[in-house]
Amino acid sequence: MNESSDIEGRAKKGKFGRWVIIFLAVATISSLLGSFPFWGEHSFIFLLLFVVLFPTTVVASLMRWWPMRQAQGVRDGVNWRRKLNLSAVGIALSSLICLLLGIAWFGTAPGTMLMVAGTLLLPPLVILLLLTYSMRDRERLAETMLEEDEEVLYQAEVHWGVFIPTIVVATLILIFTLAPLGTIGYGIATILYLIVLPGTAAHSLSVFFNTELEVTQYSLIAATGLIVRTTRLFARDDLQAVGVQQGLLGKILGFGKISFICKDGYSFKVPGIVDPEGLRQIIMRR
């Protein structure tokens, strides 16, 4: 009885998902066609709808029909990673399709709209690819670099405040897009969206997901970087000074940058650390 009910529930869920994808596909085509008869702000609104709806349709279709190769017992544990990867693939396909069709129909209204749509999809694609790369499985530094008699006394955490620059840039994009500034506002919003937003997002993701700082009774281990990850291992006795740098928001939210100066003059900094002053006291305590 329970098995038949489960099968019936999956069938209803599958039928509902199919209708959702059909609705998204119709809305996507309507938004693209709706941008052709208009000029200026109205055309831009339809174009933004298409930029949101088209990759959403592609991603939803991949989520529904892409085969699950994992065994049932581990499916729940990897489901979030599968969704993240399929989202990246979906946005990449959407951008590629728009750009290729835009080139094929270059000089026409549909070609122009598709070229713009494909370009607008590039920043979220870059950010999502960086996110999938940052969240890949890897061993902690303590599991690979410590001696047998060493134990981790303190493992620093990275504060969500490292995303504040990205949040500020995204807010400015919305303001310049929605404010009645006309072409100037759209131009500034475009520059922020295509150039500044991916850069700030890459830095924030790099710090949040790829920064490690661990203290043992003998050494200090730190790692930073996204594509090229730099790992440092220092004896605590070789540290000459430890400094803390916190801005106004850092003092309010409780995070900041901690810097290390070694006796040989070498120095390095680790940003976004929770309670950097408390960590400094732990490190300097012999």
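Student: Which of the 20 residues in the largest nonpolar core touch the most other members?

Tutor: The model is a predicted one. Its largest nonpolar core has 20 residues, and four of them touch the most other members. These four are Phe50, Cys98, Ala117 and Ile173.

Student: Which helix supplies the largest share of this core?

Tutor: At least two residues of the core come from each of helix 2 (41-65), helix 3 (72-104), helix 4 (109-120), helix 7 (164-178) and helix 8 (182-210). The largest share is six residues, and its source is helix 2.

Student: Which residues does Phe50 contact, leaving aside its neighbours within four places in sequence?

Tutor: Phe50 is among the four core residues that touch the most other members. With the neighbours within four places left aside, the contacts of Phe50 include two other residues of that group of four, Cys98 and Ala117. The full list is Thr28, Ser31, Leu32, Pro55, Cys98, Leu114 and Ala117.

Student: How many residues does the second, separate core have?

Tutor: This core is separate from the largest one, and Val215, Ile258, Cys262 and Phe268 are among its members. One of them, Cys262, counts as buried because its relative accessibility is 3%, and the cut-off is under 20%. The number of residues in this second core is 16.

Student: Is Cys98 buried or exposed?

Tutor: A residue counts as buried under 20% relative accessible area and as exposed over 50%. Cys98 has 1% relative accessibility. Cys98 is therefore buried.

Student: How many disulfides does the structure hold?

Tutor: Cys98 and Cys262 have both come up as buried residues. As for disulfides, the number that the structure holds is zero.

Student: Is Thr200, in helix 8, buried or exposed?

Tutor: Thr200 lies in helix 8. Apart from residues up to four places away in sequence, Thr200 touches Thr166 and Val169. Its relative accessible area is 18%, and the cut-off is under 20%, so Thr200 is buried.

Student: What is the order of the strands in the open sheet of four strands?

Tutor: The pairing in this sheet is antiparallel. Strand 1 and strand 4 (230-235) have a single partner strand each, so they stand at the edges. From one strand to the next, the twist averages 15°. The order is 1-2-3-4.

Student: In strand 4, what is the bridge partner of Ala223?

Tutor: Strand 3 and strand 4 pair in the antiparallel sense, over six bridges. For Ala223, the bridge partner in strand 4 is Thr231.

Student: Which strands are the edge strands of the open sheet of three strands?

Tutor: This sheet has the order 5-6-7 with antiparallel pairing. The twist from one strand to the next averages 20°. An edge strand here pairs on one side only, and that applies to strand 5 and strand 7.

Student: In the hairpin of strand 6 and strand 7, which residue in the turn has a positive phi?

Tutor: Strand 6 and strand 7 run antiparallel and are joined by six bridges. In strand 7, Val274 is the bridge partner of Phe255, and Val270 is that of Ile258. Four residues lie between the two strands of the hairpin; the one in the turn with a positive phi, about 95°, is Gly265.

Student: Why are the buried residues of helix 10 on the same side, and what arc do they cover?

Tutor: The buried residues of helix 10 (residues 276-284) are Pro276, Gly278, Leu279 and Ile283. They lie on the same side of the helix because the arc they cover around the axis is only 155°.

Student: Which strands does helix 10 lie across, and which does it touch as it packs on the other sheet?

Tutor: Helix 10 runs at about 170° to strand 5, and its direction makes about 35° with that of strand 2. The strands helix 10 lies across are strand 5, strand 6 and strand 7. In the sheet of four strands, it touches strand 1, strand 2 and strand 3.

Student: What separates the C-alpha atoms of Ile283 and Leu220?

Tutor: Ile283 is in helix 10 and counts as buried at 0% relative accessibility. Leaving aside neighbours within four places in sequence, its contacts include Val215, Leu220 and Ile258. Ile283 and Leu220 are 63 residues apart along the chain, while the separation of their C-alpha atoms is 8.2 Å.

Technical notes: Residues are numbered from 1 along each chain as its sequence is written. This is a predicted model: local features need pLDDT of at least 70, side-chain atom pairs count only at pLDDT 80 or more; totals for chains, interfaces and linings use all residues. Side-chain values use heavy atoms; hydrogens and water are left out. Buried means under 20% relative accessible area, exposed over 50%, partly exposed in between (1.4 Å probe, protein chains only). The arc is that of the directions from the helix axis to the C-beta atoms. A nonpolar core is a set of buried Ala, Val, Leu, Ile, Met, Phe, Trp, Tyr and Cys residues joined through side-chain atoms within 4.5 Å. Contact means heavy atoms within 4.5 Å. Two strands pair if DSSP finds at least two bridges between them. Axes are lines fitted to C-alpha atoms, for helices over the stretch in contact, and angles run from 0 to 180 degrees between N-to-C directions. A disulfide is a pair of cysteine sulfur atoms within 2.5 Å.
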